[in-house]
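Me: I've got a model open and I'd like to go through the wording people use for it. Can you take my questions one at a time?

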Amino acid sequence: MSIQSVGVIGAGQMGNGIAHVMALAEYDVVLSDVSQDALNKAMELIEGNLARQASRGKIADAAVKAAVGRITTTLELSDIGATDLVIEAATERESVKQAIFEDLQPHLKADTILTSNTSSISITRLASRTDRPERFMGFHFMNPVPVMQLVELIRGIATDQPTYKACLEVVERLGKTAASAEDFPGFIVNRILMPMINEAVYTLYEGVGNVKSIDESMKLGANHPMGPLELADFIGLDTCLAIMNVLHDGLADTKYRPCPLLTKYVEAGWLGRKTQRGFYDYRGEAPVPTR
């Protein structure tokens with residue numbers, strides 16, 4: 001399975017990062033979204049981030065224009081069908097992902113590989129709704145995609161070895177490192193990371209410490225580059241809650257119960273950096289804790 005072109009569905013934070021690294025690795029990229037504004041914003045971000053890499057000597061100046069030139073944007077999901085590899089990077093809701101794959105299916109080439117960037121949802125279950133479960137797997141990038149080195153590769157129960165090998169070769173061409181994970185809720189990274197974040201929210205909820213003290217304790221006491229509440233804001237509190245719900249439902253263990261305070265923040269629309277308020281308020285010159 002020789003992959004030359006990549007279709008990316010979703011132009012948000014993860015999708016534009018995936019398009020960025022794929023184009024930089026000299027893949028032809030088709031980036032799809034339901035919003036033209038989202039596509040325009042994504043291309044601005046990609047070009048700006050590439051230019052920043054060039055200014056820091058990470059890539060050659062000529063690579064910026066070349067990478068941008070390899071990306072085509074579209075509002076039509078059908079345009080994705082002609083690519084060799086599809087990476088779905090839509091919102092972390094299973095119903096949305098299933099609908100995308102069902103709508104895409106009639107437009108696919110016979111040998112196109114389907115993947116999902118889901119951070120927690122069952123790959124086996126998503127694959128079962130397609131016509132090619134053997135050519136379907138999880139392709140989980142870390143955020144921010146151009147910076148983070150890890151990619152989790154998750155095989156569903158039907159994923160065949162050629163599909164896994166083809167995706168592994170893509171990861172290697174990107175200059176990243178692959179970690180193979182079994183198809184269980186949260187896979188590896190989020191199975192470990194999200195309960196830690198959820199416990200930090202419980203620590204806040206129970207009054208053990210405030211936002212600042214919790215984050216500083218983990219940064220200075222455990223040598224974490226970001227505090228858990230700061231990291232939650234960066235990821236998106238809605239995404240954190242969605243993953244905790246998947247863990248709680250899928251593993252049927254009360255230790256994965258989402259903290260009520262996390263639910264409350266999401267219900268308020270305080271989702272972190274993307275809405276300018278979460279555990280910190282980002283509307284001023286410097287972030288200010290909200291509790």
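Me: Where is Ala82 found?

Reply: Ala82 is in the loop between β3 and β4 (85-88). Strands here are DSSP runs of E of at least two residues, helices are runs of H or I of at least four, and both are numbered from the N terminus. Before we go on: this is a predicted model, where local features need pLDDT of at least 70, side-chain atom pairs count only at pLDDT 80 or more, and totals for chains, interfaces and linings use all residues. Residues are numbered from 1 along each chain as its sequence is written, and side-chain values use heavy atoms, with hydrogens and water left out.

Me: Why is Ala82 called exposed?

Reply: Exposed means over 50% relative accessible area, buried means under 20%, and partly exposed is in between (1.4 Å probe, protein chains only). Ala82 has 54% relative accessibility, so it counts as exposed.

Me: What does Ala82 touch?

Reply: Ser5, His107 and Lys109, leaving aside neighbours within four places in sequence. Contact means heavy atoms within 4.5 Å. As for Lys65, 17 residues apart from Ala82 along the chain, the two C-alpha atoms are separated by 24 Å.

Me: What makes Thr74 count as buried?

Reply: Its relative accessibility is 8%, so Thr74 falls under the 20% limit and counts as buried. Thr74 lies in strand β3 (residues 71-74). Beyond residues up to four places away in sequence, Thr74 touches Val30, Leu31, Ser32, Asp33, Leu39 and Asp79.

Me: On to the helices. Why are α2 and α3 called roughly antiparallel?

Reply: The axes of α2 (residues 36-55) and α3 (residues 61-69) cross at roughly 160 degrees and come within 8 Å. That angle makes α2 roughly antiparallel to α3, because the cut-offs are under 35 degrees for roughly parallel, over 145 for roughly antiparallel, 65 to 115 for roughly perpendicular and oblique for the rest. The axes are lines fitted to C-alpha atoms, for helices over the stretch in contact, and the angles run from 0 to 180 degrees between N-to-C directions.

Me: Which residues meet in the contact of α2 with α3?

Reply: From α2 there are Met43, Glu47, Leu50, Ala51 and Ala54, and from α3 there are Asp61, Val64, Ala67 and Val68. By class, that contact has seven nonpolar, no polar and two charged residues. Nonpolar covers Ala, Val, Leu, Ile, Met, Phe, Trp, Tyr, Cys and Pro; charged covers Asp, Glu, Lys and Arg; the others, Gly among them, are polar.

Me: What makes α1 and α2 oblique?

Reply: α1 (residues 13-24) packs on α2 at about 50 degrees, with the axes 10 Å apart. An angle of about 50 degrees fits none of the three named ranges, so α1 and α2 are oblique to each other. Asn16, Ala19, His20 and Leu24 in α1 meet Ala42, Leu45, Ile46, Asn49, Leu50 and Gln53 in α2. That contact divides into six nonpolar, four polar and no charged residues.

Me: And why are α7 and α10 roughly perpendicular?

Reply: The angle between α7 (residues 189-205) and α10 (residues 237-251) is about 110 degrees, with the axes 10 Å apart. Since 110 falls within 65 to 115, α7 and α10 are roughly perpendicular. Asn190, Arg191, Met194, Pro195 and Asn198 in α7 meet Cys240, Ile243, Met244, Leu247 and Leu251 in α10.

Me: How do you know that Cys240 is in no disulfide?

Reply: A disulfide is a pair of cysteine sulfur atoms within 2.5 Å. The nearest cysteine sulfur to that of Cys240 belongs to Cys259 and is 12 Å away, so Cys240 does not qualify. A search of the whole structure finds zero disulfides. Cys240 is also buried, at 1% relative accessible area.

Me: What is the phi of Glu26, and is this residue buried or exposed?

Reply: Glu26 has a positive phi of about 75 degrees although it is not a glycine. Most residues other than glycine have a negative phi. Glu26 lies in the loop between α1 and β2 (28-32) and has a relative accessible area of 53%, so Glu26 is exposed.

Me: Why is Gln276 only called partly exposed?

Reply: At 35%, the relative accessible area of Gln276 sits between the two cut-offs, so Gln276 is partly exposed. Gln276 also has a positive phi of about 75 degrees.
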